[in-house]
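Biologist: Please show me the sequence and the model, and then let us examine them by question and answer.

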Amino acid sequence: MEPDLASLRAAVAEFGGFDQPERSWAVLTAATGSSIDLGVPAHRDAVHVWLNAWGCRIRTPRPGEPRVLDTGLEAWWAEWRDGLPDPAARLARLTDEEVERLGECFAALSATAAARHGRGTRTLGPTAASKLLFALRPNSLPPWDNLIAQRLHGARDGVAYRAHLRVTRGWAVRLLAEAGVPEPELLDALGRPGRSLAKVIDEYCYLVFTRGWTAPRARVTADDVRRIASVLPRTEERVVRDQVRFRVGRLVYLALSPDEETMGFAFPKEEREALIASAPHRFHAPTRSDMRFNWVCATLSELTVDELEELVVDAWRMCVPESVARSLS
């Protein structure tokens, strides 16, 4: 379930259909400016409205009733504000010490009184607490909801929140390494300028773990076959009767159909029937004249890139000396 750049880009496009979070965020930033200060009463009121816009349903007190959430947030802020990361800090750069401290910040915020009702006092709770921490530090702290927390970590306490920060921090580090550019440039390329990787990763988590969305699989093409085969030692590419073939010496280990929708590849003929039976939508028998060879065919559009690479490399190994095959690994 870990995102790569392709799945993250697909998630950004999919999440573009949900505009409520963006509208409510614009209202919050208009009321609080560039950063939220929970020591300011107007900021606490704006946060209350924003949390309810995100579905937290925290009761607004009537005139004369105790302002439970207001009092609780003011007290929490006085104790924990210095435990938060610097506002400019980014998720990928959070230290282990900051993650440990944030688990305590989260637990205290989750336990903060939020409203009174006939049966007692309601606390802010883990979902609202994570959302508020994101609002306070949007560059570094991704929010979660119940399904994200339960499906990724099996709990919603301070220990699970630390685990969530570690997991998403690791994702952020690897995404930035894959992109090879600083975070602002990556966000510009994703079409999310001015936001954070923490927020985009949350959007991915919401789609995958809350809504059950799956990133569309990239379609494997003949270009992927060429890319993989071209770097294998001793490989030559030749065109024979409108058919692209890849060979080692005189031995052909791959062949593309003229329309480049099907790939034939070297494969032990004694295992061919079992392979086809395991996935008949992917694999099929070669022509009758080729049945005597170690050969089988695959529909490229039904393969993943990882599957294709395994098939191509294994086919190549059947045509090279063992010493050459060992040199690849």
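The exchange below concerns a predicted model and moves from the sheet to aromatic rings and charged side chains.

Biologist: In what order do the strands of the open sheet of 6 strands lie?

Modeller: The pairing in this sheet is antiparallel. Its edges are strand 3 (235-240) and strand 7 (283-284), each of which pairs on one side only. The strand order is 3-4-5-6-8-7.

Biologist: Which residue of strand 4 is the bridge partner of V240?

Modeller: Strand 3 and strand 4 (residues 243-248) are paired in the antiparallel sense, over 6 bridges. Within strand 4, the bridge partner of V240 is Q243.

Biologist: Which residue of strand 6 stands opposite L254?

Modeller: Strand 5 (residues 251-256) and strand 6 run antiparallel and are joined by 3 bridges. The two strands form a hairpin with 5 residues between them, and E260 in the turn has a positive phi of about 60°. Opposite L254, in strand 6, stands F265.

Biologist: Which residue in strand 8 is the bridge partner of G264?

Modeller: Strand 6 also pairs with strand 8 (residues 295-299), in the antiparallel sense and over 5 bridges. In strand 8, the residue bridged to G264 is C297.

Biologist: How many of the 5 residues of strand 6 are buried?

Modeller: Strand 6 spans residues 262-266 and is largely enclosed by the rest of the structure. One of its residues, F265, has a relative accessible area of 0% and is therefore buried. The number of buried residues in strand 6 is 4 of the 5.

Biologist: What type of aromatic pair do F265 and F267 form?

Modeller: The structure holds 12 aromatic pairs. In the pair of F265 and F267 the distance is 6.1 Å centre to centre, with 80° between the planes. F267 is buried, at a relative accessible area of 15%. An angle over 60 degrees places a pair in one class, and the pair of F265 and F267 is edge-to-face.

Biologist: Is the pair of W76 and W77 stacked or tilted?

Modeller: W76 and W77 are both buried. Their ring centres are 6.4 Å apart and the planes stand at 40°. Stacked would require planes under 30 degrees apart, so the pair is tilted.

Biologist: What is the distance from K131 to the nearest side chain of opposite charge?

Modeller: K131 belongs to helix 6 (residues 126-136), of whose 11 residues 11 are buried. Apart from neighbours within four places in sequence, K131 is in contact with W50, L51, W54, C56, P143 and W144; among these, W50 and W54 form one aromatic cluster with W25 and F134. K131 is buried and has no salt bridge, and the nearest side chain of opposite charge, D145, is at 5.7 Å.

Biologist: Which backbone nitrogen lies 2.9 Å from a polar atom of the side chain of E98?

Modeller: E98, in helix 5 (residues 96-110), is buried yet has no salt bridge, and R101, the nearest side chain of opposite charge, is 4.6 Å away. A salt bridge needs a distance within 4 Å. Leaving aside neighbours within four places in sequence, E98 is in contact with P85 and R93. The backbone nitrogen in question is that of T95.

Biologist: How many residues apart in sequence are the parts tied together by D96 and R169?

Modeller: The side chains of D96 and R169 meet in a salt bridge at 2.9 Å, N to O. D96 is partly exposed at 48% relative accessibility, whereas R169 is buried at 15%. D96 lies in helix 5 and R169 in helix 8 (residues 158-179), so the parts tied together are 73 residues apart.

Biologist: With which residue does E203 form a salt bridge?

Modeller: A search of the whole structure finds 21 salt bridges. E203 is buried at 1% relative accessibility, and its partner, also in helix 10 (residues 197-210), is 4 residues away, about one turn of the helix. The closest N and O atoms are 2.9 Å apart, and the partner is K199.

Biologist: Are R238 and E236 buried or partly exposed?

Modeller: The side chains of R238 and E236 meet in a salt bridge of 3.7 Å, N to O. R238 has 38% relative accessibility and E236 has 32%. Buried means under 20%, so R238 and E236 are partly exposed.

Note on methods. Residues are numbered from 1 along each chain as its sequence is written. This is a predicted model: local features need pLDDT of at least 70, side-chain atom pairs count only at pLDDT 80 or more; totals for chains, interfaces and linings use all residues. Side-chain values use heavy atoms; hydrogens and water are left out. Buried means under 20% relative accessible area, exposed over 50%, partly exposed in between (1.4 Å probe, protein chains only). Lys and Arg count as positive and Asp and Glu as negative; His and the chain ends are not counted. A polar contact is a pair of N or O atoms within 3.5 Å; within protein, one must be able to donate a hydrogen and the other to accept it, and residues adjacent in sequence count only if both atoms are side-chain atoms. Contact means heavy atoms within 4.5 Å. Two strands pair if DSSP finds at least two bridges between them. Rings of Phe, Tyr and Trp (its six-membered ring) pair if their centres lie within 6.5 Å; planes under 30 degrees apart count as stacked, over 60 as edge-to-face and the rest as tilted.
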